[in-house]
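Some terms need their cut-offs before they mean much. The turns below set each one against its definition.

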Amino acid sequence: MDEIAVYNQPVADPALIACLHCDLLQRLPDLAPGASARCPRCNKELWRRREDSLNRTLALTLGAAMLYLVANSVPMLGLTIVGRDASTTVIGGAQHLWENGDQIVAILVLFTAVIAPALQIGLMLAIVLGARREHPPRWVGMLLRHHPTSRIWSMIEVMMVGVLVALVKIADYATVIPGLALFCLGALIFILAGMQAAFDPREVWERIRWAEEGARRSAADDRGVAGETS
Amino acid sequence: MSATAMTAMQLGLQSCEGCGLLSRPASGENEGRCPRCDEELTFRKPASFQRTWAYLIGAAICYIPANLLPVLTTTTAAGAESDTILQGVVLLWSPTGWPLSLIVLIASIMIPSAKILALVYLLITAQRGSVENNEQRVRLYRTIEFIGRWSMVDVFVDTFTAALIQLQPLMSVEPGPGLLFFAAVVVLTMLAVESFDPRLIWDSASTKEVSHA
């Protein structure tokens with residue numbers, strides 16, 4: 001750590017929180033698995049406790065990873081018109097834009113349809129695997145802190161609707177052949193929704209090694225018991 | 001709940017947007033880091049009003065060419081034809097295709113304009129210190145946060161139509177200049193929503209409650 005970080009002092013009661021949508025101070029109740037707590041003032045869901053969160057999330061993340069790999073390696077759409085064939089993959093769509101002078105939109109399509117979903121799945125896999133350890137290392141927190149961003153920009157379900165509209169449009173001129181990737185993407189939408197729903201970030205945050213502790217530790221002793229830093 | 005609703009800011013506490021931990025800055029300091037997840041902490045998103053306005057004005061400017069310039073150019077043996085977003089909606093409209101036409105109409109025309117208007121309303125009421133309809137306003141914020149991504153539909157429609165229909169010299173489809181502006185509207189409004197801090201909706205209500213207490 002190059003600069004000296006000034007850390008805030010945590011409040012004594014770990015159940016005391018403020019709603020991120022209205023800043024109301026409140027105490028989170030202890031929830032049974034499956035139950036959720038909402039802010040009494042603005043109705044934002046503050047926490048939903050999940051049953052067996054890490055195992056279920058891991059299973060769904062692995063499923064999502066496999067579907068993602070297939071979806072991005074085989075054709076998504078094909079067409080036949082008067083004896084001529086054409087087909088495209090997800091990346092092929094972005095590539096065509098790039099080659100035809102629309103580089104900025106090509107990057108946006110690549111980012112929202114390919115890169116952000118990969119981050120959403122890949123980061124989640126690393127988070128869950130790290131969090132399953134007895135003492136989750138600090139990098140789990142770093143990834144978890146940035147995971148919501150990948151989720152916002154991952155737009156597989158939006159792409160799917162776009163592809164279906166394109167498919168119907170093209171069906172006026174040509175015979176459209178839905179590819180294997182289309183079905184994989186359709187399944188991936190539900191698996192990703194399940195993955196996010198099974199995951200309970202609060203459970204991970206409660207067990208994670210604190211940043212402040214890590215900073216203090218690395219400053220105090222650089223010799224012994226480290227091992228799980230990265 | 002007790003009768004006096006207190007916010008974290010009134011007690012000098014900051015909650016972490018990364019991990020949710022509530023913590024108190026060191027005395028004399030306004031900004032520190034979250035001891036749990038290392039995020040830089042502030043009471044409210046930094047320069048939320050200015051940044052949201054900036055993204056929003058950018059989006060409003062791009063909104064005009066996005067709707068006036070063609071997003072798709074179709075070249076056939078009979079010649080070239082360019083369509084704007086609205087023309088694309090009209091073209092899709094048919095006895096069987098109207099549900100898809102409706103999806104594009106809602107996603108590409110109604111959602112972006114509704115989003116810009118809703119954010120303008122949220123910004124103006126929050127900056128004027130309104131204390132009315134707070135629940136509805138935060139619900140409006142959550143709605144535009146949730147539906148905003150769906151505007152990208154048209155970008156994907158045009159991308160994959162252009163990638164597939166490459167049957168020179170019979171027929172080919174290329175994206176038009178309007179697509180870039182349309183994509184900019186979607187991205188800028190999403191960034192505007194991210195920059196807006198919904199807690200600002202409640203801040204004047206909180207100070208009023210305190211002064212009346």
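**Sheet, core and domains**

Q: What makes the sheet S4-S3-S6-S5 of chain B antiparallel and open?
A: Four strands in the order S4-S3-S6-S5 (chain B) form an open sheet with antiparallel pairing. The edges are strand S4 (79-83) and strand S5 (166-167) of chain B, each pairing on one side only. This is a predicted model; local features need pLDDT of at least 70, side-chain atom pairs count only at pLDDT 80 or more, and totals for chains, interfaces and linings use all residues. Residues are numbered from 1 along each chain as its sequence is written, while chains are lettered from A and ligands numbered from 1 in the order written.

Q: Why are strand S3 and strand S6 of chain B called paired?
A: Pairing needs at least two bridges found by DSSP between two strands. Five bridges join S3 (residues 72-76) to S6 (residues 171-175) of chain B, so they pair. Strands are DSSP runs (E, at least two residues), and helices are runs of H or I, at least four residues, numbered from the N terminus. Thr76(B) stands opposite Met171(B) in S6(B).

Q: What does Ala183(B) touch, not counting residues up to four places away in sequence?
A: Val105(A), Leu108(A) and Val155(B). Contact means C-beta atoms, placed from the backbone, within 7 Å.

Q: How do you know where the domains of chain A and chain B lie?
A: The bounds come from an automatic or database domain assignment. For chain A it gives domain 1 (1-48) and domain 2 (50-213). For chain B it gives domain 1 (1-43) and domain 2 (47-212). The C-alpha centres of the two chain B domains lie 33 Å apart.

Note on methods: Two residues are in contact if their C-beta atoms, placed from the backbone, lie within 7 Å.
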